[in-house]
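Reader: Can you walk me through this one? I'm new to reading structures.
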Amino acid sequence: MVPISFEVLVFLVLVALAFDFMNGFHDAANSIATVVSTRVLKPHWAVVWAAFFNFAALFVFELKVASTIGKGIVDVTVVNHHVVFGALTGAISWNVITWYYGIPSSSSHALVGGIVGAAVAKAGSDALITSGLVKPVIFIVVSPLLGFVLGSILLLAVSWVCVRISPARVDKWFKQLQLVSASFYSLGHGGNDAQKTVGIIWMLLIASGLSSPDEHIPYWVVAACYITIALGTAFGGWRIVKTMGQRITKLKPVDGFCAETGGGLTLFMTAALGIPVSTTHTITGAIVGVGSVHKLSAVRWGVAGTIVWAWILTIPCSAFIAAVAWWLGERYL
């Protein structure tokens, strides 16, 4: 075990919380794009609403996703402060790049890619735990498909139930119900994404000898991560809100309700199973699903295709950046 000074430990915890803040900032669009684009809430109230439920997820979910990140992807004996530094640098760098271009990529997969890239740079592929890594990789495809299917089914069911009701009345009802679906989705977002930073800080504490894989995660770590992601969400990533809420397909309140509910159901299921999925992939799949129910041409497939390319590139690109950052950390940190 490589000794970690207190100063370096504090620095890396702060970097991890910076990633957590960036995660909330980057992914605010996932929670609020539909309620903003359907004019149910004004942007500043939408981010406050989402941030509150991001934090409230602290009291709802077990820490299964944190456990997967902290000890389920790479061998904990390989992890030291250089690996954690590389992982966080790779994830943050990719988040900044995709935020700048307004591309809704996955903070979750950027972090997974960062962990993989730094660990492999240090110890080779033997450092990877295949059973833990395969779950987030498979769910790159599964989570948007689940969002797509659930969002589509919900919209078809609602359309059948409301077939004899005037569109104006349907809009009025679902403007209210969208507040419920947005809070449901934000709970799922907080329950999944905040735990990823919990996991990497726990990984750092294990590497420093201040915790072990058999101990409970310190409560201060959990609370700090949920508070930080809520603050990040409160500041919002407006470039991505425009892409998610307006450029993929035109949404009505009923569409927003079905997309958020379908996405929220996916996040609740995966959090219960301890699978770190992308909230971005999930809600994008759900939005495309409800858009395609109206007609296939309602979805701007060129925009969707650009987003999918970002999904494909996230893990390898963040892994490459993390490997370079690990090499620099070995020499200067």
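Author: We'll take a helix pair, then a proline, then the core.
Author: This is a predicted model: local features need pLDDT of at least 70, side-chain atom pairs count only at pLDDT 80 or more, and totals for chains, interfaces and linings use all residues. Residues are numbered from 1 along each chain as its sequence is written, and side-chain values use heavy atoms, leaving out hydrogens and water.

Reader: OK. At what angle do H2 and H7 pack?
Author: About 45°, with their axes 7 Å apart. H2 covers residues 43–56 and H7 covers 167–208. Helices here are DSSP runs (H or I, at least four residues), numbered from the N terminus. Axes are lines fitted to C-alpha atoms over the stretch in contact, and angles run from 0 to 180 degrees between N-to-C directions.

Reader: Which residues of H2 make the contact?
Author: Trp49, Ala50, Phe53, Asn54 and Ala56. On H7, the contact includes Leu179, Ala182 and His189. Contact means heavy atoms within 4.5 Å.

Reader: New topic. Where is Pro276?
Author: In the loop between helix H10 (253–273) and helix H11 (279–294).

Reader: Buried or exposed?
Author: Pro276 is buried, because its relative accessibility is 1% (buried means under 20% relative accessible area, with a 1.4 Å probe, protein chains only).

Reader: What does Pro276 touch?
Author: Among others, Val65, His109 and Lys196, not counting residues up to four places away in sequence.

Reader: And which helix gives the largest share of the largest nonpolar core?
Author: H7, with 11 residues. That core has 53 residues. Such a core is a set of buried Ala, Val, Leu, Ile, Met, Phe, Trp, Tyr and Cys residues joined through side-chain atoms within 4.5 Å.

How values were computed
Helices (H or I, at least four residues) and strands (E, at least two) are DSSP runs, numbered from the N terminus. Buried means under 20% relative accessible area, exposed over 50%, partly exposed in between (1.4 Å probe, protein chains only).
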